[in-house]
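Reader: I've got the model open and I'd like to go through some of the labels. Can I ask what stands behind them?

Author: Sure, let's look.

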Amino acid sequence: MGSRIVMRNFLGIPMALVVMFLFLWVSSVTASVSYDHKAIIINGQRRILISGSIHYPRSTPEMWPDLIQKAKDGGLDVIQTYVFWNGHEPSPGNYHFDGRYDLVRFIKLVKQAGLYVHLRIGPYICAESNFGGFPVWLKYVPGISFRTDNEPFKVAMKGFTVKIVNMMKEEGLFEPQGGPIILTQIENEFGPIEYEIGAPGRAYTKWVTEMALGLDSGVPWVMGKQDDAPDPIIDTCNDYYCDWFSPNKEYKPKLWTEAWTGWFTEFGGPVPHRPVEDLAFAVARFIQKGGAFINYYMYHGGTNFGRTAGGSFVTTSYDFDAPIDEYGLLRQPKWGHLKDLHRAIKLCEPALVSADPIVMTLGNYQEAHVFNSKSGACAAFLANFDTKYFAKVAFENGHYNLPPWSISILPDCKNTVFNTARVGAQSTLMKMTPTTGFSWQSYNEETTSYDDTSITMAWLAEQINTTRDASDYLWYITDVKIDPNEQFLKNGQYPVLTVSSLGHVLHVFINDQLSGSLYGSLENPKLTYAENVKLRAGINKISLLSIVVGLPNGGTHFETWNTGVVGPVMLKGLNEGKRELSWQKWSYKIGLKGEALGLHSPSGSSSVEWVEGSFADQTQPLTWYKTSFNTPAGNDPLALDMGSMGKGQIWINGQHIGRYWPAYKANGTCGECSYTGYYQKKKCLSKCGEASQRWYHVPRSWLNPTQNLLVLFEELGGNPTGISLTRRTIESVCADIFEMQPTLMNLHIQAYGKVKPLRPEAHLWCAPGQKISSIKFASFGTPGGVCGSFQEGKCHAHKSYDAFEKNCIGQQSCSLIVAPEVFGGDPCPNVMKKLSVEAVCS
Ligand code: GAL
C-alpha cells in the first residue's frame, strides 16, 4: 500500500537509484504500524482513518460480506469490533468460534475487502452485551473481584486475551504479518472506575499495560476513556463530540474510538436518533482540530439475538440509528451524507497529515482551521458554531455562506466541496409489508408444582446465584397456611401481599392464578408488589415468577449486584397483624418447563400435545405458541411484527431470535428534532407511547424454503393472530437540495483546469428490483417539511413535477440538476431556493 505512494515521491530520479532506495526504505518500514502526534502511521505513511463498528455476533456470517462492502462503499478504511468473551467461552475452557462467533472468518472478510481492523479485545467491553462481555461463570471463580488488582481476575482476563492474540498471530492477522489488524484495545473505559477505586485500580492499569505490551502484537494498543493510559498505549475519546479531547502525551495522535451515531433503545424507552448534520459537524470539528482517527459506534448496530443483550432492559434491536440499519440496509441520508463527508476529508488528507491547524477567528461564532503543508497542500475548515443564524464570512479572497451549526470543507483552501448541514444524499423511507399470517397451536406453561422444584431454602435466594443465568426465569414458591378463623375470610378485606424485588420483572400467582405483573426500567430496575390477594382457608400456594432482562454491563464491581426477589415478602392484614414470609421455606425452579422440554427446538416441540385454537382474544398468560411457515420469495430482509403481543421470547428453527416486549410502551418526550445545538441521547426521540420495539429481525439464512418452525413463549397473554412476517423494503426516496449547495464535483473539475462550480444534482435511487412508480411530491422553490411530509411553500415552480415524471417514472434510479431552467424557469428570483422531491418505489 505504502510503496505506491513512495514511488510517486521519487519520480524523476534515476531508476536504479530509486529501486535501491526503495528496497532499503521498504524493508525498513514494511508492514509496520506506529504513530506520532499527527496520526497512525501504516507502512511509513501517516493516515487519516475513518472507521466503523460492526460487531460480528450482531449479524449472521451470511450478512457480513455485504455489510463490509457497504462500509467500504461508505468511505470507511477500518472496521472496528469488540471481542465477545461471553460468546466465545460459554463455560470455562469450552470455546466457541463458529457461526456468528467466527471471529477469524469475520476479520478475513474485512481483509478481503481491503479494509483494516481495529480489534477491541477488552475483554471487558460494556457494549450492551450481557455482563459487559464477561461470561457469567467468571463471577463464580473463587476469590474473584472484577477489574481490579485481583489475582484470579487477572489470571482469567490474561488467559482470554492471550488466547485471542495468539489466535490472531497464528492466522497472520496483525498488520506486520500482512494481516488487516492495525490497532488493538485492552480494557474499556476503565478510567472512571480507576478514579473511583483508587490504588488497586492504578495497580491494575499498570498490570494491564505490561500484560498487553508483553503480548507483542506488533501494532499499537489503545485504551478508551483512560486519561492516564501509560506509554506507549494511546488514550482515546468516546463521546458524542471529541473536538475538546487531547491525548495525555503530545506525541500521541488524537483518536476518537466511539463517535456515537445514535444510542441504544431500552424496553420502555423511546427510540433515539442523531441527525446526520450534527454527526457530520462533530466529525468535521474533530478533524479540524487535528483528529486522526474516527470510529462510528455503531456503523451497523444489528441485533442482540437470543439473550445476549445486557445492561438490563436493552432491546433485542441494537439498531443504534447507525448508517447501516439493523437489517443491513442503508439508512439514508445518514450513510450517504457521511460518505460525502469522508470523500471531502480524504481530499484534505495530504494537508491534514503534514501540518498542524492554524486557527483564525472569522466572527463571534465563526472560525477557520487551516492546514498548510510545506509541500504546498492547503485545506481549510470554515466553522459556524451559531445554533440559529447563517453566517457570511470572508476567508482568504472569498466569501462563504455558512449555515448554522455547520462546517464547510475546502480541500484546496478555496472551493467548498462539502458543508455538514447541506445534505446532498437522498433520504429513504422504509416500510414493513406483511407477507404472511400464521395459524397457531398452543401449549400452556405450568405454574410449577412442588415435585418440579429442585432447590429448597429457608430464605429468599438471589436470582443469578441460583440460575447462573441459565434462564431468564426463576420461580420462587412458598406455602401460606390460613386459619379458618381469619377475619378477612368473613369481611372480604383480603390481606396485602408485599413483595420487594431488585428486578427486573415479576409475575405473582396465588394458587396458580395470575394476580399481578410488574416491571422496572433501566434507570430503576427495583419493584415492589403490594396488592390484596385472595387467600383461602387452609394451604395457599404463592408462586413468584421473577424474570431477568439482561445482566448489568458495567459499573463498579457489577459482579456483586443482586437481582430477583431478595425480600422482604410480607402478608399484612391477618389476625396476627403481619406475617413475614422471607425466612420460611421457599422452593425454587430454574427456568420454565417448556425450556426444560426444549419446546423451541424441532425435536423438543413434538414432545408435548399442542392445542389448535383461534386465539383471537387470547389473554392466557404463560403460553407457548407454535406454527410453521414457508419463506417468502426474494431477498428483502424479514421481520416478525409482534405488535399484538405482550412479552416473551421467539425461536425459529431452534435459533433464538431474542426477547420481545411490545407491551412495554415507550415513556418519554418525542418532539421536534433540530440538528443544531449539542446533541444528547434524549434529544431526537421517536415512538413515544408505542412499543419500544415492534419488529424482530429474522435472518434469512436461518430459514428453510418451507416448513420453518416458529415458537414463542408469551408471558402476559397477547394476541398471536396479530403476528405477521413482514418484508422490509424502500417505500419512497427523497431529495432535499439547495440550489447553491456545494458539491464534491467542484474539485474534480478544478483538476481539469476549469474551476466553475457545478450545480448540485438530485439523485433518486430505489432498491434493485424496484422502480420509481410515481412522484409523490416535487417542488423547486421554498418547500417545507421533511421526507414523507413535504409541503409547498410560497414559491413553487409549476413545472416541478414534470421534469421528474418525464425522467424518473419506470426507472430504478434517476438524477436531475437542481437549477431553475430544469423546472421551467426561476419562480422567485433573489430568493434562496431548494428542491424537495419524494418518489415512490414499488
Ligand atoms: C460506551 C461503551 C460502549 C457502549 C456505549 C453505549 O461507553 O464503551 O461499549 O456501551 O457506551 O452504547
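Reader: Which residue with a positive phi follows helix 8?

Author: Asp216, with phi near 55°. Before we go on: this is a predicted model, where local features need pLDDT of at least 70 and side-chain atom pairs count only at pLDDT 80 or more, while totals for chains, interfaces and linings use all residues. Residues are numbered from 1 along each chain as its sequence is written, and side-chain values use heavy atoms, with hydrogens and water left out.

Reader: What makes residues 199-214 helix 8?

Author: Helices are DSSP runs of H or I with at least four residues, strands are runs of E with at least two, and both are numbered from the N terminus. Helix 8 has 16 residues. The expected span is 1.5 Å times one less than the number of residues, here 22 Å, and helix 8 reaches 23 Å from its first C-alpha to its last, close to that value.

Reader: What covers the buried residues of helix 8?

Author: The cover includes helix 6, strand 7, helix 7 and strand 8. Among the buried residues of helix 8 are Tyr204, Trp207 and Met211.

Reader: Why is His504 called buried?

Author: Buried means under 20% relative accessible area, exposed over 50% and partly exposed in between, with a 1.4 Å probe and protein chains only. His504 has 4% relative accessibility, so His504 counts as buried. Its place is in the loop between strand 24 and strand 25. Contact means heavy atoms within 4.5 Å, and His504 touches residues including Phe313, Tyr519, Pro525 and Val549, not counting residues up to four places away in sequence.

Reader: How far is the backbone nitrogen of Val549 from a polar side-chain atom of His504?

Author: The two lie 2.8 Å apart.

Reader: Why are strand 1 and strand 3 said to stand at the edges?

Author: Each has a single partner strand, so one side of each is left without a neighbour in the sheet. The sheet is open, with 3 antiparallel strands in the order 1-2-3.

Reader: How do you know that strand 1 and strand 2 pair?

Author: Two strands pair if DSSP finds at least two bridges between them. Strand 1 and strand 2 have 3 bridges, in the antiparallel sense. Val33, for instance, has Ile42 in strand 2 as its bridge partner.

Reader: Which residues have the most contacts inside the largest nonpolar core?

Author: Leu119 and Met168, in a core of 140 residues. A nonpolar core is a set of buried Ala, Val, Leu, Ile, Met, Phe, Trp, Tyr and Cys residues joined through side-chain atoms within 4.5 Å. Helix 9 gives the largest share of this core, 9 residues.

Terms used
Polar contact = N/O pair within 3.5 Å; in protein donor to acceptor, adjacent residues only side chain to side chain.
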